[in-house]
Amino acid sequence: MSTITITPGQRLYSAASTAEIIVVKAASVELSCAWEPMVTARPDSTPQSPGADSPVQLGKRYTDEKSGLLVLCTKGGAGPLTADGNILGELQTQALPSSD
Amino acid sequence: MNISVLLSIVAETTPDRVAVRDASTGLSYGQLNRASSALGAKLKAEGFENVSMVDTNSVVFPVLFFAAAKAGIPFVPLNYRLADDQLRRQVERLDNTLVVTDAVGARRLEGLTNPTIRHRADVLASALEPAADAVVDRDDDQSGTAASWLFTSGTTGEPKIVVLKHDSLASYVLGTVDAVSADETDAVLVSVPPYHIAGLASVLTSMFAGRRMVYLEAFDAGAWVDAAAREAVTQAMVVPTMLQRLLSVLSERGETLPQLRNLSYGGGRMPIELIEAALAQLPHVGFTNAYGLTETSSTITLLGPEDHRAALESDDPIVRARLGSVGRPIPGLELEVRDEDGSPVGPRVQGEIWVRGPQVSGEYKGKGSQLLDGWFCTRDEGWLDEEGYLFLLGRVDDVIVRGGENISPGEIEDVLRTDPGVADVAVVAEADETWGEVPVAVIVVAKGAAIDHDALKVLVRSKLRSSRAPARIIEVEQLPYNETGKLLRHSVRDLLREHAA
């Protein structure tokens, strides 16, 4: 598999589902979604692959503790997101009573 | 990460939902995103280094904020209430700025050479109907760059410019708000001024929740109640002085605003009697007290609706007292109360409040970062109870040093306020030959009441200690507050000089 260079602010697309992400903190890893390497341009067609039981959710942040990689999901789709084969953990939002 | 990415997420998910509405214009999330992209491309092409605004609240405010983000330059909302010379001085500190304002603002800035001045109506029109087809969003990493510069109120000298980076703001939003979590019917009424951190934070959190934002040009209690009823507003943020006026308008009109679910307050000391009255008058509303600073990207501690209810219903004086606290630190934020040597202190010991976390900026333009190992000193004084509820005492700069002993005005004010004859009070330092400084109480007497100066001194002496008793008491018609409810202590000291002993 080919490895792409990941930079902060970069948008990446799942080759196997509708999921899209933006890189918040970069790391030198191979980033995959639904077990297919992610790509730098939106694919023409996105077949729904198996793995819908681990969806990547819109507006959620995912992190790889080992490498420090942090990404934000900008469009939901089937996952999981993996860095060098390790499944990324979801950073929990603690929704607060609105104060602003 | 660029905060405009957050807008693009919401715009892609719910393009047709109303994002923002003022008295004359409404924009959907799709329109807000497109308009800010078009304007952002233009700002970038023209090479402006920042975008400033001298204006009241309107839909132009979020358009400019996100357009600046997309152009990769800071947005600088200025205080239009400043005197002309102060306003001009602030604009002069902004190199190669585009000032967006109205005809009145343009006249006030006449003769300045560094800004390019454009009228808000023209800027909005060009953003909504761009001449050329724009534009890709700028996805470059903006983590280290400023999304906004905010001038401090400058109560202790020349105003400083707080640098708010994309990363600090984004981490505040992403850590506390779920994307597009608002209901279709949710609406927030915004009446805090645009140049205040609460105004800026409100745009970001409401936008990411996908909530409809209703802008009031400026606060007026009657107009606020009208808008809240007309727009079926579900939540709002107010400062204590606003709340007081709102409650009286509501009771005059017999209005209860049944749609309203959440009211948050902050920006000044909230008298316990007032919040108790509010809870009683609006039992269907959840109240949230928020404490934060510009330097911390808004809220750092919260006293939520559950905390309010628990305090109100409790017989335990410790729990009950929390109605007067600002609650506990929000997740992801560390908070410590430290003594003068910088060591953390235990519960119920007062000291300076320090905070650390990704939302903390702690940076001033031209002065660099003020952080020590990530920690920011708020210059606020306070103490924590056994369960970590924070009680604010005031600014460290307002501490009265009497014979080497540090006295917080807040604790004396709290005691004096328990007297029914005291409607409002400020305690400030006055120079004294013997003690260096002594506390003096400036009191607004309640309507139809009278106060006994000696009895009040005895009251403070009995509740605190003799050094806390005001050396003298002055009666005034009213105390000076700024428009966000912050007591202007330097103006109170001016009052003292007028009432020389």
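**Domains, pockets and a cavity in a predicted model**

In chain B, 12 residues of domain 1 are in contact with eight residues of domain 2, and it is convenient to start from this meeting of domains in what is a predicted model. Chain B is divided into domain 1, made of residues 1-8 + 20-172, domain 2, covering 334-395, and domain 3, covering 399-500. Taken over C-alpha atoms, the centres of domain 1 and domain 2 of chain B are separated by 31 Å.

The second largest pocket belongs to this part of the structure, and about 460 Å³ of space lies in it. Its lining is formed by 23 residues, of which Arg61(A), Asp167(B), Ser171(B), Tyr172(B) and Pro358(B) are the closest to its centre. Two elements give two or more residues to this lining, namely strand E2 (20-25) of chain A and helix H7 (166-176) of chain B. The largest share, seven residues, comes from H7(B). Because domain 1 and domain 2 of chain B both give residues to the lining of the second largest pocket, this pocket lies between them. Sorted by class, the lining of the second largest pocket has 11 nonpolar, nine polar and three charged residues.

Also in chain B, Asp55(B) is found in the loop between strand E3 (50-54) and helix H3 (60-71). Is Asp55(B) buried or exposed? With a relative accessible area of 5%, Asp55(B) is buried, since buried means under 20%. Once its neighbours within four places in sequence are left aside, Asp55(B) is in contact with Tyr80(B), Asp102(B), Arg120(B) and Pro194(B). Gln359(B) is 304 residues apart from Asp55(B) along the chain, and the C-alpha atoms of these two residues are separated by 27 Å.

A search of the whole structure for enclosed space finds one cavity of 30 Å³ or more, and about 40 Å³ of space lies in this largest cavity. Which residues line the largest cavity? Chain A gives Ser98(A) and Asp100(A), while chain B gives Val188(B), Gln235(B), Ala236(B), Met237(B), Asn262(B), Leu263(B) and Ser264(B). The elements that give two or more residues to this lining are strand E11 (235-238) and strand E12 (262-265) of chain B. By class, four residues of the lining of the largest cavity are nonpolar, four are polar and one is charged.

Ser264(B), one of these lining residues, has its place in strand E12 of chain B. Ser264(B) counts as buried because its relative accessibility is 3%, which is under the 20% bound. Leaving aside its neighbours within four places in sequence, Ser264(B) is in contact with residues of both chains: Ser98(A), Ser99(A) and Asp100(A), together with Ala236(B), Met237(B), Val238(B) and Thr288(B).

Strands E11 and E12 of chain B also appear around helix H10 (residues 240-253), since what covers the buried residues of H10(B) includes helix H9 (221-230), E11, E12, helix H11 (272-281) and strand E13 (286-293) of chain B. Helix H10 of chain B has 14 residues and reaches 20 Å from its first C-alpha to its last, close to the 20 Å expected at 1.5 Å a residue. The buried residues of H10(B) are Pro240(B), Met242(B), Leu243(B), Leu246(B), Leu247(B), Val249(B) and Leu250(B). For the reading of such a list, an α-helix has 3.6 residues a turn, so residues three or four places apart point the same way. After H10(B) comes Gly254(B), whose phi is positive, near 65°.

Chain A, in turn, has zero helices and nine strands. Buried residues make up 49% of its 100 residues. Of the contacts in chain A with a separation of 6 or more, 60% are accounted for by residues 24 or more positions apart.

Several loops of chain A hold backbone features that call for a separate look. Most residues other than glycine have a negative phi, and most peptide bonds are trans. Trp35(A), in the loop between strand E3 (31-33) and strand E4 (36-37) of chain A, has a positive phi of about 70° although it is not a glycine, and at 52% relative accessibility Trp35(A) counts as exposed. Asp84(A), found in the loop between E7 and strand E8 (86-87) of chain A, likewise has a positive phi, of about 50°, whereas its relative accessibility of 47% makes Asp84(A) partly exposed. Finally, the peptide bond from Gly79(A) to Pro80(A) is cis, with omega near 0°, and Pro80(A) has its place in the loop between strand E6 (70-75) and strand E7 (81-83) of chain A.

How values were computed: Residues are numbered from 1 along each chain as its sequence is written. Chains are lettered from A and ligands numbered from 1 in the order in which they are written. This is a predicted model: local features need pLDDT of at least 70, side-chain atom pairs count only at pLDDT 80 or more; totals for chains, interfaces and linings use all residues. Side-chain values use heavy atoms; hydrogens and water are left out. On a 1 Å grid over the protein atoms alone, a cavity is a set of points where a 1.4 Å probe fits but cannot get out, and a pocket is an open set with protein on both sides within 12 Å along at least five of seven lines; lining residues have an atom within 4 Å of a point. Grid points are joined across faces, edges and corners, and a volume is the space filled by probe spheres set on the points. Helices (H or I, at least four residues) and strands (E, at least two) are DSSP runs, numbered from the N terminus. Ala, Val, Leu, Ile, Met, Phe, Trp, Tyr, Cys and Pro count as nonpolar, Asp, Glu, Lys and Arg as charged, and the others, Gly among them, as polar. Domain bounds come from an automatic or database domain assignment. The expected span of a helix is 1.5 Å times one less than its number of residues. Buried means under 20% relative accessible area, exposed over 50%, partly exposed in between (1.4 Å probe, protein chains only). Contact means heavy atoms within 4.5 Å.
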